[in-house]
Amino acid sequence: MAKRASTIVGLEIEPSAVHAAAVTVNGHVSVRTAAVAPLETGVVRDGEVNDVDALAQALKTLYRENKGLDKKVRIGIANQKIVVRVLELPPLEDRKELEAAVRFQAQDQIPMPLDSAVLDFQPLDIVDSENGPRQRVLIVAARRDMVERVMAAAKAAGLKPEGIDLSAFAMIRALHRAEATTEAGTPEPVLYLSVGGLTNLAVAEGTTCLFTRVVGGGLEAIAVELAERKALTLEHARGWLRHVGLVVPLSEIESDDQGEIVEEARTVLLDGVRRIGGEVRNSLDFHHAQEGMSLRVQRAVLTGAAAGIPGFDDALAAELGLPVEAGVVDGTPEGLDPFLLTIAAGLAVEEAPHA
């Protein structure tokens, strides 16, 4: 595949920061240029824009300080109020007929009025059922006012939104690699996890997302807890979590005046891993229990800020009972954490590259 550059900048808006990336594609996604801008607490809450003006100012600052970023952007969203479902419909080749059937059945599947929601769908595959062949369709619904706040902030910052996408889909596009197949020749399902301001999970076969859910607080909630317990700023708490990690014995990193902070950081990290692991397990159990979802996830890929915490991946693997590997995109500029740019990089492309 010839190397090509994407002109669209992927923009991930997390509770603690905005991550931006432009990429090149040459069999896989590689970051060409990137930037990160911190957000004040409360600007984005639980994945939803709470202060449009403050977000717009942060985006203006990001672009003023990073002149190489194109103003055409695709923005990722992730929060617990976004609804993702897989419907089974009669096979329909006509796109308009399929759209009408999706909207009709979505009325019973989406816990919000359709006239106040933004609805999109993607046909998956055709499966055999007791009622004959059925077309599986992935549908996504988000509250219109939530999407409009994101768009308003981007436009107020002088940006040109090319679209809104689920951060989970972008994560899959950025991290997908050729994997083992089942006896039937289909790709094995993989669990993708981004643990940062939120915990965002997706289960995919190849590049097809079968299930996604935001399961609450991620590393940021752990940092907030440490900051409150030890009267630290959030920035210092995040730094302590990275410094302490889950690998080196406490006795090797303690000091007389900082031993209590080190011990507390390790405690909240371990508690956080257990909490996140439990939430992810519950979500996987729900997914595996769904009709036609008998093939269980065999491995996980971790990205986001937590992937940069030493030992977090191994601790999470022990909680999940699955091998967990860190997932990262290539080409991250010096000085930036590559795990923070995964979703932004995936947003910069419309389709996962094929090596």
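**Salt bridges, an aromatic pair and nonpolar cores**

The side chains of E220 and R238 meet in a salt bridge, with a distance of 2.5 Å from N to O, in what is a predicted model. This pair links distant parts of the chain, given that E220 belongs to helix α5 (residues 219–230) and R238 to helix α6 (residues 234–244), 18 residues apart. The two partners can also be described by their accessibility: E220, at 13% relative accessibility, counts as buried, whereas R238, with a relative accessible area of 26%, is partly exposed.

In total, the structure holds 15 salt bridges. Another of these joins E48 to K81, for which the closest N and O atoms are 3.4 Å apart. Here too distant parts of the chain are linked, with E48 placed in strand β6 (residues 48–49) and K81 in the loop between β7 (72–77) and β8 (83–89), at a separation of 33 residues. The relative accessibility of E48 is 11%, so this residue falls under the 20% limit and counts as buried, while K81, at 47%, counts as partly exposed. Both residues also belong to a network of salt bridges, in which E48, K81, R143, D145 and R149 are linked.

A salt bridge within a single helix is formed by R274 and D271, whose closest N and O atoms are 2.5 Å apart. These two residues are three residues apart in helix α7, and therefore about one helical turn separates them. R274 counts as partly exposed at 44% relative accessibility, and D271 likewise counts as partly exposed, at 28%.

Turning to aromatic contacts, the count comes to one aromatic pair. The pair consists of F211 and F286, whose ring centres are 6.1 Å apart and whose planes stand at 45°, so the arrangement is tilted, an angle of 45° being neither under 30 degrees, as required for stacked rings, nor over 60, as required for edge-to-face rings. Because F211 lies in strand β14 (residues 208–217) and F286 in helix α7 (residues 259–289), the pair ties together parts that are 75 residues apart in sequence. F211 counts as buried, at 9% relative accessibility, whereas F286 is partly exposed, with a relative accessible area of 41%. The ring of F286 has a further partner in R213, the charged end of which sits over this ring at 4.8 Å from its centre.

With regard to nonpolar packing, the largest nonpolar core comprises 48 residues, of which L11, L55 and L62 touch the most other members. Helix α4 (residues 167–175) supplies the largest share of this core, namely six residues. When neighbours within four places in sequence are left aside, L55 is in contact with I13, V18, L39, V43, V49 and A153. Apart from this core lies another, made up of 42 residues, including L191, V280, L320 and L322.

Definitions and conventions. Residues are numbered from 1 along each chain as its sequence is written. This is a predicted model: local features need pLDDT of at least 70, side-chain atom pairs count only at pLDDT 80 or more; totals for chains, interfaces and linings use all residues. Side-chain values use heavy atoms; hydrogens and water are left out. A nonpolar core is a set of buried Ala, Val, Leu, Ile, Met, Phe, Trp, Tyr and Cys residues joined through side-chain atoms within 4.5 Å. Buried means under 20% relative accessible area, exposed over 50%, partly exposed in between (1.4 Å probe, protein chains only). Helices (H or I, at least four residues) and strands (E, at least two) are DSSP runs, numbered from the N terminus. Contact means heavy atoms within 4.5 Å. Rings of Phe, Tyr and Trp (its six-membered ring) pair if their centres lie within 6.5 Å; planes under 30 degrees apart count as stacked, over 60 as edge-to-face and the rest as tilted. A charge sits over a ring if NZ of Lys or CZ of Arg is within 6 Å of the ring centre and within 35 degrees of the ring normal. A salt bridge is a side-chain nitrogen of Lys or Arg within 4 Å of a carboxyl oxygen of Asp or Glu.
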